[in-house]
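Me: I'd like a close look at one small part of this protein, the stretch near its C-terminal end. Could you start there and then tell me how the rest fits around it?

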Amino acid sequence: ADAALERLPPRGRGPVLGRALVVGVPERIEHAPPALRQRATLLAADHPLPGERSLAAARAVRDFVATIAGNETLLALISGGGSAHLTLPARELTLDDLRVVTGALQRAGAPIDDLNCVRRHCELLKGGRLSMLSHAKAVQCLVLSDVVGDRLDVIASGPF
């Protein structure tokens, strides 16, 4: 996030940063560079099991994406951990339900492809549903894969 923000051109020379929201593990957020702290809202989230911080981060990201205007471009930076960071249970499910299922699949040795397939069906922002909330004129996603095969539907459970 810090590197991406550094590379945005100065005002008047291309796209301008309007707002930025960064979600990460607490250790990274606590040690974020000062420049990033000045330019973005930073939110800590839990990993590998989702927690209350993950719920709060997911709601903030949902609201952030939904309020981007139709004349703006959304730049989404996605990397490993995104599935746990953006946890928003679907329907009648609770955070505890998701933690139980995630933990059971992890203990059983389920590969990340299978774990994130289940997450896509149990949560509101995965499987492309985060992108459906956007009114932006364009969405650009830069994805850093931690998944063998680099499948976009598996990396962070494919929010876009």
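Reply: Let's start with S157. This is a predicted model, and in it S157 has a relative accessibility of 0%, so it counts as buried, the cut-off being under 20%. Its backbone is worth a look too: S157 is not a glycine, yet its phi is positive, at about 65 degrees. You'll find S157 in the segment after β4.

A156 sits in the segment after β4 as well, with β4 itself covering residues 138-143. A156 also has a positive phi, about 55 degrees, again without being a glycine. With a relative accessible area of 9%, A156 is buried.

Another backbone detail turns up at H47 and P48, which are joined by a cis peptide bond with omega at about 10 degrees. P48 belongs to the loop that runs between β2 (41-44) and α4 (52-66).

Now for a buried loop residue, T87, in the loop between α5 and α6. T87 has 1% relative accessibility and so counts as buried. A polar atom of its side chain lies 3.0 Å from the backbone oxygen of A84, and a polar atom of the T87 side chain is 3.3 Å from the backbone oxygen of S83. If you set aside the neighbours within four places in sequence, the contacts of T87 are P50, S54, L55, A58, L95, L98, E123 and K126.

The helices on either side of that loop come up again when you look at α7, residues 112-122, where L115, N116, R119, R120 and C122 are buried. The cover over the buried residues of α7 includes α5 (82-85) and α6 (95-107).

Stepping back, the protein has seven helices and four strands, and along the sequence they run α-β-α-α-β-α-β-α-α-α-β. The radius of gyration is 16 Å, close to the 15 Å from the globule rule for 160 residues, so the protein is as compact as a globular protein of that length. Its C-alpha trace spans about 55 × 35 × 30 Å along the principal axes.

Of the 160 residues, 37% are buried. Among contacts with a separation of 6 or more, 70% are between residues 24 or more positions apart. As for the outside, the accessible surface is about 9,100 Å², and carbon and sulfur atoms account for 55% of that. On the charge side, you have 19 positive and 17 negative side chains, with the centres of the two sets 6 Å apart.

Methods. Residues are numbered from 1 along each chain as its sequence is written. This is a predicted model: local features need pLDDT of at least 70, side-chain atom pairs count only at pLDDT 80 or more; totals for chains, interfaces and linings use all residues. Side-chain values use heavy atoms; hydrogens and water are left out. Helices (H or I, at least four residues) and strands (E, at least two) are DSSP runs, numbered from the N terminus. The radius of gyration is taken over C-alpha atoms; the globule rule is 2.2 Å times the number of residues to the power 0.38. Buried means under 20% relative accessible area, exposed over 50%, partly exposed in between (1.4 Å probe, protein chains only). Contact means heavy atoms within 4.5 Å. Accessible areas come from the Shrake-Rupley method with a 1.4 Å probe; for residues, only the protein chains shown count as cover. Lys and Arg count as positive and Asp and Glu as negative; His and the chain ends are not counted. The place of a charge is taken as NZ of Lys, CZ of Arg, CG of Asp or CD of Glu. A polar contact is a pair of N or O atoms within 3.5 Å; within protein, one must be able to donate a hydrogen and the other to accept it, and residues adjacent in sequence count only if both atoms are side-chain atoms.
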